[in-house]
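Open the model in a viewer and keep the selection panel at hand. The stops below go from one pair of side chains outward to the whole chain.

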Amino acid sequence: MSPEVSELLKRALALSVEERAALANTLLDSLETTNESVQAAWDEEVARRIEDLKAGKAVTVPWEQLHRELLAIVNGR
């Protein structure tokens, strides 16, 4: 790691949690190349899922329940 990058990292780590998260997301986004057909497909899927929720076709699960179930799977219960 170059001295410039080390200094940048040191300064970034001094940021608040929210600022570090925003910086990390921005950096990650900058690495992704956007494939317009993939993005269009995701946009359509999100729209479909929203419509399913509005129409009552989708079943939702509270985060607490899902979290418990996932932990049970991970812990082999």
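Select Arg-48 and Asp-52 and show their side chains: the two meet in a salt bridge, 2.8 Å from N to O. A salt bridge here is a side-chain nitrogen of Lys or Arg within 4 Å of a carboxyl oxygen of Asp or Glu. Arg-48 and Asp-52 are four residues apart in helix 3, so about one helical turn separates them. This is a predicted model, in which local features need pLDDT of at least 70 and side-chain atom pairs count only at pLDDT 80 or more, while totals for chains, interfaces and linings use all residues. Residues are numbered from 1 along each chain as its sequence is written, and side-chain values use heavy atoms, with hydrogens and water left out.

Add Glu-45 to the selection. Its side chain meets that of Arg-48 in a salt bridge of 2.5 Å, N to O. Both residues lie in helix 3 (residues 36-54), three residues apart. Helices (H or I, at least four residues) and strands (E, at least two) are DSSP runs, numbered from the N terminus.

Next, add Arg-49, which forms a salt bridge with Glu-45 at 2.7 Å, N to O. Glu-45, Arg-48, Arg-49 and Asp-52 are thus on screen together, linked in a network of salt bridges. The count comes to three salt bridges.

Now colour these residues by accessibility: buried means under 20% relative accessible area, exposed over 50%, and partly exposed in between (1.4 Å probe, protein chains only). Asp-52, at 18%, counts as buried. Glu-45 is partly exposed at 22%, as are Arg-48 at 41% and Arg-49 at 47%.

Move to helix 2, residues 17-31. How far does helix 2 reach from its first C-alpha to its last? The span of its 15 residues is 21 Å, close to the 21 Å expected at 1.5 Å a residue, where the expected span is 1.5 Å times one less than the number of residues. The number of buried residues in helix 2 is zero, so it lies largely in the open.

Finally, select the whole protein chain, which has four helices and zero strands. Its radius of gyration is 20 Å, well over the 11 Å that the globule rule gives for 77 residues, so the chain is more spread out than a compact globule. The radius is taken over C-alpha atoms, and the rule is 2.2 Å times the number of residues to the power 0.38. The C-alpha atoms fill a box of roughly 55 × 40 × 25 Å along the principal axes. Of the 77 residues, 3% count as buried.
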